[in-house]
Amino acid sequence: MAISKINTVFAKHSRVLFGVITVVIIITFVGFLSPSGLTALFPGGDSEQVGSIFGKKVTYKDVAKEVRLMQIFYLIQMGQLPSADRLSEQAFEIMCWTAAAEARGIRISDQEIADFIIALPQFQKDGKFDQTLFNTFLQEKGVTGEDCDNAIRLMLTLQRVQDEIFNNVIITPNEVELFALQRNAELHPLVAYFNTVDFEKQVNPTDEQLQQYFTECQEGPQPRYIQPAKFKAEIAEISYKTPAILSAAAKSATPEAVKKYYDTNPQQFTNSETGTAEPFDGKGEQMARAAYIAAKAKELALQQARNFADVAFEMVSDAQKDQVEVFRKQAAEYHWPVIATDFFAADAQSIGELAEPKLIEAIARADEAVPVSEPVAGESAVYVGFVSAVQPAQAADFEAVGDQVRHDYLASEADKLAQAAAEEAAKTLQAMTPEELRQAVTDGKPVKFEEKPVISSATQPTTFEAMLTAYTASRLQVGRVSAPETSGNGYMLIYLAERTVPESIAPDQLSFLEALYRQNRQQAAAVEFQNFVGANCFQYKQKGN
């Protein structure tokens, strides 16, 4: 057992020699660290297989043991017991990594475990390891010496794997210099576009083709073309010019309030001819008073509408039947007119002459059981809607969406033609020698290339297309052309005309690029190791996931 190695460590450092630590388990570890208790986390039995790791069968019992060791380590290291539920999600992956470490010949010795234990501050007294503290900890937590060893060995193995992945990456000065020169090179790309819209004129669909396209789009549980839900509504209208509201707004227009409004909203009182604000002691005061009253009237109307909506919501909610009559009656008590609408679509921009899209959105969002909308401040009034009838959304008929179907069909078929043209051009150009290709690009045959801005480390692409162009060009040889790439409007081919490499790199920049290159290599090593693990470990999809 590794704990016994602590004796050797102390002897080597002329410390007090402690006896071999042996612990008889009396107290169970809070019930959590019992493998039989942990199996409650998993729907299968102990022996049910959950996957395989390097050809070895892994059961729920194996995963539960791993979780238990992880919990013990967290408790030793941080004094806290993490959720077994959370750790169970990580346990299988950690088992894969430790198995991969074993396959790579990574072993953690008892000596290393002992070194780790005696270095933990919670087990030290007066700067030295205290056996009594450690022994008491194990007894109180119900952890055997063997379990302690295995938990620490597990985590040290993971750390060793990580260290080996990163520390085994060796880079040479020549590599760094080449990377630096490539990164600071200037690229001169040209691009040939195959825009989808340019191919639409080649598409002449028949009625049968459009109908077939529509039918295919409507198949399955989620049809592409949907007729939005439609609503009928009763809409209470609270005009900003309601006499009572205007009167209250005017009464609040004290000189102080008007002046404050003028000062905080100077942009409303700017003379269009001079570009300066009208002076308050002249025309500006009249303008500010009128603007203040209008703004205050809107505020008061919205406040009353909120009160109305709250009351209406409660009364409609309590009503067992005739909810619409309850809404109308409540509006009548406020002396507000109610507009009865015909059916309108949820994505409509207006209801008859009432062009209030936000009101339509609010009505469409209204609660199904209590269909009173939130108040919406419009151009001339505040509105509160009540949904009186609903036609649910449904799959659209071809006649209703025929124009959209034709548009989508043209775009789909034109995209196929654009991609095929790009692939054919790429095939032709890539078969040429560099000299032939350079001449073809110059002549614009078989396709025309456009010169693009020079790409360098100093330039930062701002669009997806620019980033893709830079990425693709950086991986091309000079005088070669790429395979088709997706552009914002179709497809594109990228030709690299020139790569200009600087003669040297500044020392301070070279230091940064060396760190960046090392990081890239370490990431590549980590991916390689992860692929090695993934190729040898398989976790089965569990029931309920």
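**Exercise 1. Find the strands that helix H15 lies across, and give its angle to E15.**

Step 1. Pick out helix H15, residues 402–430, in this predicted model.
Step 2. Look at what sits against the helix: H15 lies across strand E5 (186–195) and E15.
Step 3. Take the angle: H15 runs at about 30° to E15.

**Exercise 2. Work out the strand order of the open sheet that contains E5 and E15, and say which strands stand at the edges.**

Step 1. Start with E5 and E15, which run antiparallel and are joined by 10 bridges. One register point to check is Leu 187, whose bridge partner in E15 is Arg 499.
Step 2. Go to the pairing of E5 with E13: two bridges here, again with the strands running antiparallel. Val 191 stands opposite Glu 450 in E13.
Step 3. Now take E15 (residues 490–500) and E14, an antiparallel pair with three bridges. Here Thr 486 faces Tyr 491 of E15.
Step 4. Put the pairs together and you get four strands in the order E13-E5-E15-E14, an open sheet with antiparallel pairing.
Step 5. Read off the edges. E13 and E14 (485–487) each have a single partner strand, so one side of each has no neighbour in the sheet.

**Exercise 3. Describe the surroundings of Lys 452: which loop holds it, what does it touch, and is it buried or exposed?**

Step 1. Place the residue: Lys 452 is in the loop that links strand E13 (450–451) to helix H17 (464–474).
Step 2. List its contacts, skipping residues up to four places away in sequence: Pro 189, Val 191 and Tyr 193.
Step 3. Zoom in on Tyr 193. Its side chain and the side chain of Lys 452 make a polar contact at 2.9 Å.
Step 4. Add a backbone distance: the C-alpha atoms of Lys 452 and Thr 469 are 9.3 Å apart, with the two positions 17 residues apart along the chain.
Step 5. Settle the exposure. Lys 452 has 26% relative accessibility, so neither label fits and the residue counts as partly exposed. The cut-offs behind this are under 20% for buried and over 50% for exposed.

**Exercise 4. Do the same for Ser 373: which loop, buried or exposed, and which contacts?**

Step 1. Ser 373 belongs to the loop between helix H14 (357–365) and strand E10 (376–377).
Step 2. Its relative accessible area is 3%, so Ser 373 is buried.
Step 3. With neighbours within four places in sequence left aside, the contacts of Ser 373 are Ala 309, Ala 362, Ile 363, Ala 366, Val 384 and Gly 385.

**Exercise 5. Characterise how H11 and H12 pack.**

Step 1. Choose the descriptors: a pair of packed helices is described by the angle between the axes and the distance between them.
Step 2. Fill them in. For H11 (residues 255–264) and H12 (residues 280–318), the angle is about 95° and the axes are 9 Å apart.
Step 3. Classify: the two helices, H11 and H12, are therefore roughly perpendicular to each other.
Step 4. Name some of the residues making the contact. H11 contributes, among them, Val 258, Tyr 261 and Tyr 262, while those from H12 include Phe 280, Arg 289 and Tyr 292.

**Exercise 6. Sum up the protein chain: how many helices and strands, and what share of its residues is buried?**

Step 1. Count the elements: 18 helices and 16 strands.
Step 2. Get the buried share: 39% of the 545 residues.
Step 3. Look at the surface. About 31,200 Å² is exposed, and carbon and sulfur atoms supply 51% of that.
Step 4. Finish with contact range: among contacts with a separation of 6 or more, 73% come from residues 24 or more positions apart.

Notes
Residues are numbered from 1 along each chain as its sequence is written. This is a predicted model: local features need pLDDT of at least 70, side-chain atom pairs count only at pLDDT 80 or more; totals for chains, interfaces and linings use all residues. Side-chain values use heavy atoms; hydrogens and water are left out. Buried means under 20% relative accessible area, exposed over 50%, partly exposed in between (1.4 Å probe, protein chains only). Contact means heavy atoms within 4.5 Å. A polar contact is a pair of N or O atoms within 3.5 Å; within protein, one must be able to donate a hydrogen and the other to accept it, and residues adjacent in sequence count only if both atoms are side-chain atoms. Two strands pair if DSSP finds at least two bridges between them. Axes are lines fitted to C-alpha atoms, for helices over the stretch in contact, and angles run from 0 to 180 degrees between N-to-C directions. Accessible areas come from the Shrake-Rupley method with a 1.4 Å probe; for residues, only the protein chains shown count as cover. Angles under 35 degrees count as roughly parallel, over 145 as roughly antiparallel, 65 to 115 as roughly perpendicular and the rest as oblique.
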